[in-house]
Amino acid sequence: MQHRVSETQLSDLVQGLARKTRQEIEEANLAIADFEGVARRYGAKFAWQEMDAGTDGHYIKDLRLITLNSRVSHQERRNFSFCHEFIHDRIVCDDDFYAVLHEFTEDMSDEEMEQVVERLCNIGAAELLIPSSEVEEAIKEQGFSIELIPDLCERFSASSIAVAFKLLSIAKHDCYLFITEKREFEETGNQPILIHVKPDRVWHLWVVYSGSSPSAKYNMGRNYPIALGHLMYRVNENGGYVTRGEDDIPRRNSKKRRWEVKCECMAYKGWVFGFFHERDPISRNQLRLF
Ligand SMILES: [Zn+2]
């Protein structure tokens, strides 16, 4: 079936919805970290709940209930997860948006539809936390690079997760993002993928978030380890500076089929970020022509 709308249009719509919501929250003198206050302002409910380590939060549509995992203590991660779940709520409450979404996803499987909604919620969450216009300006000035993450975080006191997703959502090229953290082997349980890996350290990098730019074709998963020896480990060894090179896009099936592309990785605020460019980013000089 031919869709009358594209996913890019849906991302624009969700960003518009997030911008409007950000404005309303500011006007109500609420901070986004006041989860209960923000939920109440929109007639939704908020609660903490103990969940397994791989889950950040939930949204229960029928109850309009947002829950966050009380075991996650990282504030940036809590804020981002809240915004993600909150966007789920904004989407279902916006009849116009919901109608467009329904039309776009009606011939999809439940799984495909969920993936679209998840991507949109990440895009909306990033827009709630940092405006696109500021990030677009920075990309025009400096070109697309991972170094923009600390720059923008400092300039706008924004969350590094939100900035990374924001960069990804306005990237004009095919690009994948991975946000990973160091985890002890024991913490991650008996993951079958590790049986084939000979550990030479007690920790590994674990994918907490991943995402794809609007033109990139695939959804990458989360909650799996990065294979030891990957370039992403090198940022920890070089004191947190940016490491550039070529390496495999970390996927669950990386062992079966490598997919090497140009990448840039950086350690920041306790995370290791990686941008994997399937195509080269548009250069600063090209952007000036727009
Ligand atoms: Zn979600």
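**Note on a predicted zinc-bound model**

1. Of the protein's 290 residues, 51% count as buried (buried is under 20% relative accessible area, exposed over 50%, partly exposed in between, with a 1.4 Å probe and protein chains only). This is a predicted model, where local features need pLDDT of at least 70, side-chain atom pairs count only at pLDDT 80 or more, and totals for chains, interfaces and linings use all residues. Residues are numbered from 1 along each chain as its sequence is written, and side-chain values use heavy atoms, with hydrogens and water left out.

2. The overall build. The protein has ten helices and eight strands (DSSP runs numbered from the N terminus: helices are H or I, at least four residues; strands are E, at least two). Take contacts between residues at least 6 apart in sequence: 60% of them join residues at least 24 apart (contact means heavy atoms within 4.5 Å). The exposed surface is about 14400 Å², and carbon and sulfur atoms supply 47% of it (Shrake-Rupley method, 1.4 Å probe; for residues, only the protein chains shown count as cover).

3. The zinc site. The protein donors are His 84 (NE2), His 88 (NE2) and Glu 118, the latter listed twice through OE. They lie 2.1 to 2.4 Å from the zinc ion (donors are N, O and S atoms within 2.8 Å of the metal, or 3.2 Å for Na, K and Ca; water is not among the atoms, so sites may look incomplete). The donor residues follow the spacing H-x3-H-x29-E. His 88 sits in helix α3 (residues 75-93) and Glu 118 in helix α5 (residues 110-129); this pair, 30 residues apart, links distant parts of the chain.

4. Geometry and cover. Angles among the four donor atoms run from 55 to 135°, and the site is irregular (four donors are tetrahedral if all angles lie between 85 and 135 degrees; four are square planar and six octahedral if opposite donors are over 155 degrees apart and all others between 65 and 115; anything else is irregular). His 88 is buried at 14% relative accessibility. Glu 118 is partly exposed at 29%.

5. Thr 243. This residue is in strand β6 (residues 243-248). Thr 243 is buried, at 6% relative accessible area. Beyond its neighbours within four places in sequence, its contacts include Leu 231, Val 235, Cys 263 and Cys 265.

6. Two positive phi values. Arg 64 is not a glycine, yet its phi is about 50°. Arg 64 lies in the loop between β2 (57-60) and β3 (65-69). Asn 223, also not a glycine, has a phi of about 65°. Its loop runs between β5 (203-212) and α9 (234-237). Arg 64 is partly exposed at 22%, and Asn 223 is partly exposed at 22%.
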